[in-house]
Amino acid sequence: MNLEKLFSASAIASVAERFPLTYFDIGSRGGFQSDLHPLSFAVNAVGFEPDPIEYKQLQDNPEGLWKSQQILPQGVGVQTGTYTLYIPIDPQSASILKHDTSIGEKFDKRQFFEVDRTKEIQTLGLADALLETNLNSIDFLKIDIEGPELSIFESSPEVMREILAVKTEVSYIPFRHDQPLAGEIEVFLRRGGFELMEIMEPAHWRRHGYLIHPYYSLETPPYSKAQIVQADYLFFRDPDTINGNISRLLKLSLISMALGYFDHALMILERPDVADYVRSEFNYSPKELVVPASKLFGRKMFYQAAYGQIRGLTPFLRYCRNLWR
């Protein structure tokens, strides 16, 4: 569903244009994620791609929907330097941490764990990456680098204190040696003033194949529930930790609306100092900002859900055939 610049003609556009957002997409192979698309006209997007071929492809095909876009030819690591990247048969699982092949054997998914080749890559520490962009802070951080996410958070405390929202991949089983698990990441971010908003796109694995509850497959056994192995966690900074900084509270409300959390955005905007600022500077009440954007977003989500239900009938009928085989 296309949400690009969805809010460009709504009341909150004037707020977003005065307080543009900075979005770091760490692990941007294939392009930026769509989380901030509704406000893309007011987002400075920064991606990182150390693979020269992928970097050139991103550079040669700018998305054109952001306020500004930068692609840096490095990865992001614990510190600025050179790291060995372990690239398995399926390169989407490449990591600077060594893969645990026993997990691949357990789930019969060796393509994600058996290393096909290695490569030396250049990385920037998170603070150095921010300096490289000439931007002041990171408002929304998306990070998916297959394992070392927590180490990067821990290595950049000054940067992390200014971040308003984090979307990070987490694992529930150790795909790689010395990989922190979901609980450790959650504890660290909660202690840093973040609150967990959503567990997104959970992935479940069974021993053979990928058809899991409620579907019936041709594997042995044909039906099985599956173990959760990874997901994305979405954290928002607790507004009480922002110490009344109006610009940061407004940015947090914008991020909340871009991701569909309109209740949360309204609670931020209804804080007395924020509401007074919005009325005096933009001549809107909090509800006059939030309600129209909520309607726009909600209609898109309804149509998307309806389309998904219709589209899902085809695989459902296909899977039904497995019941008789």
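User: Let's start with a loop. Where is the place of Pro214?
Analyst: Keep in mind that this is a predicted model. Strand 10 covers residues 227-237. Going by the elements on either side of it, Pro214 sits in the loop between strand 9 and strand 10.

User: Is Pro214 buried or exposed?
Analyst: The cut-off for exposed is over 50% relative accessible area. Pro214 has a relative accessible area of 59%, so Pro214 counts as exposed.

User: How many Å separate the C-alpha atoms of Pro214 and Tyr307?
Analyst: Along the chain, Pro214 and Tyr307 are 93 residues apart. In space, their C-alpha atoms are separated by 20 Å.

User: Now the sheet with seven strands. In which order do they stand?
Analyst: This is an open sheet with mixed pairing. Its edges are strand 3 (68-72) and strand 9 (194-205), each of which pairs on one side only. From one strand to the next, the twist averages 15 degrees. Reading across, the order is 3-2-1-7-8-10-9.

User: Do strand 7 and strand 8 pair in the parallel or the antiparallel sense?
Analyst: Strand 7 takes in residues 140-143 and strand 8 residues 165-171, and four bridges link them. Phe140, for one, stands opposite Ala165 in strand 8. The sense of the pairing is parallel.

User: Which residue of strand 10 is the bridge partner of Thr168?
Analyst: Strand 8 also pairs with strand 10, in the antiparallel sense and over seven bridges. Look across from Thr168 into strand 10 and you find its bridge partner, Tyr233.

User: How many bridges join strand 9 to strand 10?
Analyst: These two strands run antiparallel. Glu198 stands opposite Leu234 in strand 10. The number of bridges joining strand 9 to strand 10 is nine.

User: Why is strand 10 described as largely enclosed by the rest of the structure?
Analyst: Buried here means under 20% relative accessible area. Strand 10 has eleven residues, and it is largely enclosed because the number of them that are buried is eight.

User: There's a sheet with three strands too. Which strands stand at its edges?
Analyst: This open sheet has the order 4-6-5, with mixed pairing. Each edge strand has a single partner strand, so one side of each has no neighbour in the sheet. Those edge strands are strand 4 (75-76) and strand 5 (81-88).

User: What is the bridge partner of Tyr83 in strand 6?
Analyst: Strand 5 and strand 6 (residues 115-124) pair in the antiparallel sense over eight bridges. Thr82 has Gln122 as its bridge partner in strand 6. For Tyr83, the partner in strand 6 is Ile121.

User: And which residue of strand 6 does Val76 stand opposite?
Analyst: Here we switch to strand 4, which pairs with strand 6 in the parallel sense over two bridges. Opposite Val76, in strand 6, stands Leu124.

User: At about what angle does helix 4 run to strand 6?
Analyst: Helix 4 lies across strand 4 and strand 6. Its angle to strand 6 is about 60 degrees.

User: Why are the buried residues of helix 4 on the same side?
Analyst: The buried residues of helix 4 (residues 126-133) are Leu126, Ala129, Leu130 and Thr133. They sit on the same side of helix 4 because the arc they cover around the axis is only 100 degrees.

User: Which residue takes a positive phi just after helix 4?
Analyst: The phi in question is about 65 degrees. The residue that takes it is Asn134.

User: On to helix packing. Is helix 9 roughly parallel or antiparallel to helix 11?
Analyst: Helix 9 (residues 262-269) packs against helix 11 (residues 286-311) at an angle of about 170 degrees, with the axes 10 Å apart. That angle makes helix 9, relative to helix 11, roughly antiparallel.

User: How many nonpolar residues are in the contact of helix 9 with helix 11?
Analyst: Helix 9 brings Phe262, Leu266 and Leu269, while the helix 11 side includes Val290, Ala293 and Phe297. Alongside one polar and one charged residue, the number of nonpolar ones is eight.

User: How is helix 8 placed against helix 10, roughly parallel or roughly perpendicular?
Analyst: The axes of helix 8 (residues 246-258) and helix 10 (residues 272-282) come within 10 Å and cross at roughly 85 degrees. Their contact is made by Ile246, Leu249 and Leu250 of helix 8 with Asp273, Val274, Tyr277 and Val278 of helix 10. The crossing angle makes the two helices roughly perpendicular.

How values were computed: Residues are numbered from 1 along each chain as its sequence is written. This is a predicted model: local features need pLDDT of at least 70, side-chain atom pairs count only at pLDDT 80 or more; totals for chains, interfaces and linings use all residues. Side-chain values use heavy atoms; hydrogens and water are left out. Buried means under 20% relative accessible area, exposed over 50%, partly exposed in between (1.4 Å probe, protein chains only). The arc is that of the directions from the helix axis to the C-beta atoms. Axes are lines fitted to C-alpha atoms, for helices over the stretch in contact, and angles run from 0 to 180 degrees between N-to-C directions. Angles under 35 degrees count as roughly parallel, over 145 as roughly antiparallel, 65 to 115 as roughly perpendicular and the rest as oblique. Contact means heavy atoms within 4.5 Å. Ala, Val, Leu, Ile, Met, Phe, Trp, Tyr, Cys and Pro count as nonpolar, Asp, Glu, Lys and Arg as charged, and the others, Gly among them, as polar. Two strands pair if DSSP finds at least two bridges between them.
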